[in-house]
Amino acid sequence: MDMARQQRTKESGGVPRQRLTAQDWADAALAAMGEGGLAAVAVEPLAARLGTTKGSFYWHFANREALIEAALERWEQLGTEAVITEVEAEPDPGKRLRRLLLHATNRSAEDPLEVSLLATAGQPRVAAALARVTERRIGYVASLFAELGFPEEEARRRGLLAYTAYLGHTQLAHAVPRSLPDASAREPYLDGVIDMLMRPL
């Protein structure tokens, strides 16, 4: 073992430091976005957060813009595709819809990331990611209404209504949380919203 490696091992408490991955950097960038918006994504503060140096960053990314792109792709995967995959385990479309909306609404109320991204929608990369995610989410929810027997146009309309209800709830949860039911009443309230959305024509 060379002297430089011995020093790194000593500084990490006798255990060689695990090499960071591009995903580690993307996750750290997402955390920073949630806390301070796009402006919070800066290489040096992220390196400090991760306990590493800028050299690790440049091993994976050419520049800050490449990191932002990777972080947004990670958000799409975690916040949309992974959630859809999880709820697909439920065979009943009505239960799937209920599970999806409850999960997404509760999660977004605790995590400021989506509100932060919406606030920076004027940034082209963020705008493109929001457009992709919005279309995917509305399309998926609309497909559930279609499975429940609603005609295609009505299913799309209800998918849009469900998504706007979700976004409105998310914004209020962070901006004016006292306007929403408290934790004990939240689930019955959301159940009522879902029941209204699923009401037959």
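A salt bridge here is a side-chain nitrogen of Lys or Arg within 4 Å of a carboxyl oxygen of Asp or Glu. Hi everyone, keep that rule in mind, and keep in mind too that we are looking at a predicted model.

By that rule the count comes to 15 salt bridges. Let me start with one of them: glutamate 81 and arginine 136, whose closest N and O atoms are 2.9 Å apart. This pair links distant parts of the chain, with glutamate 81 in helix H5 and arginine 136 in helix H8, 55 residues apart. Are these two partners buried or exposed? Neither label fits glutamate 81, because at 27% relative accessibility this residue counts as partly exposed. Arginine 136 counts as partly exposed as well, at 34%.

Now let's zoom out to the two helices that carry this pair. H5 covers residues 64-87 and H8 covers residues 124-147; their axes come within 10 Å and cross at roughly 10°. An angle under 35 degrees counts as roughly parallel, so H5 is roughly parallel to H8. Who makes the contact? On the H5 side the residues include Glu65, Leu72, Trp75, Glu81 and Val87, and on the H8 side they include Arg125, Leu130, Arg136 and Tyr140. For those of you thinking about force fields, the residues of this contact divide into ten nonpolar, two polar and eight charged.

Next, helix H10, residues 183-197, where we find leucine 190. Leucine 190 counts as buried because its relative accessibility is 7%. What does leucine 190 touch? Leaving aside residues up to four places away in sequence, the answer is Leu102, Thr105, Asn106 and His169. If you like to check distances on screen, try the C-alpha atoms of leucine 190 and alanine 66: they are separated by 38 Å, and the two residues sit 124 apart along the chain.

Leucine 190 has a neighbour in sequence with a salt bridge of its own. The side chain of aspartate 191 meets that of arginine 98, at 3.1 Å from N to O. Aspartate 191 lies in H10 and arginine 98 in helix H6, residues 93-110, so the pair ties together parts that are 93 residues apart in sequence. Aspartate 191 is partly exposed at 22% relative accessibility, and arginine 98 is partly exposed at 25%.

Here is a pair within one helix. Glutamate 154 and arginine 158 form a salt bridge, with 2.7 Å between the closest N and O atoms. Both lie in helix H9, residues 152-175, four residues apart, about one turn of the helix. And which side of the 20% cut-off do they fall on? Glutamate 154 is buried, with a relative accessible area of 14%, and arginine 158 is buried too, at 7%. Elsewhere, salt bridges that share partners join Glu88, Arg96 and Glu147 into one network.

Last stop: helix H3, residues 43-50. Its buried residues are Val43, Leu46 and Ala47. Looking down the axis of H3, these fall within an arc of 105°, so they line one face of the helix. The face turned away from that buried side carries the exposed residues Glu44 and Ala48. What covers the buried residues of H3? The cover includes helix H2 (22-36), helix H4 (54-60) and H5, the helix that also packs with H8. Just after H3, do have a look at glycine 51, which takes a positive phi of about 70°.

That's my tour, thanks for listening!

Definitions and conventions
Residues are numbered from 1 along each chain as its sequence is written. This is a predicted model: local features need pLDDT of at least 70, side-chain atom pairs count only at pLDDT 80 or more; totals for chains, interfaces and linings use all residues. Side-chain values use heavy atoms; hydrogens and water are left out. Axes are lines fitted to C-alpha atoms, for helices over the stretch in contact, and angles run from 0 to 180 degrees between N-to-C directions. Helices (H or I, at least four residues) and strands (E, at least two) are DSSP runs, numbered from the N terminus. Angles under 35 degrees count as roughly parallel, over 145 as roughly antiparallel, 65 to 115 as roughly perpendicular and the rest as oblique. Contact means heavy atoms within 4.5 Å. Ala, Val, Leu, Ile, Met, Phe, Trp, Tyr, Cys and Pro count as nonpolar, Asp, Glu, Lys and Arg as charged, and the others, Gly among them, as polar. Buried means under 20% relative accessible area, exposed over 50%, partly exposed in between (1.4 Å probe, protein chains only). The arc is that of the directions from the helix axis to the C-beta atoms.
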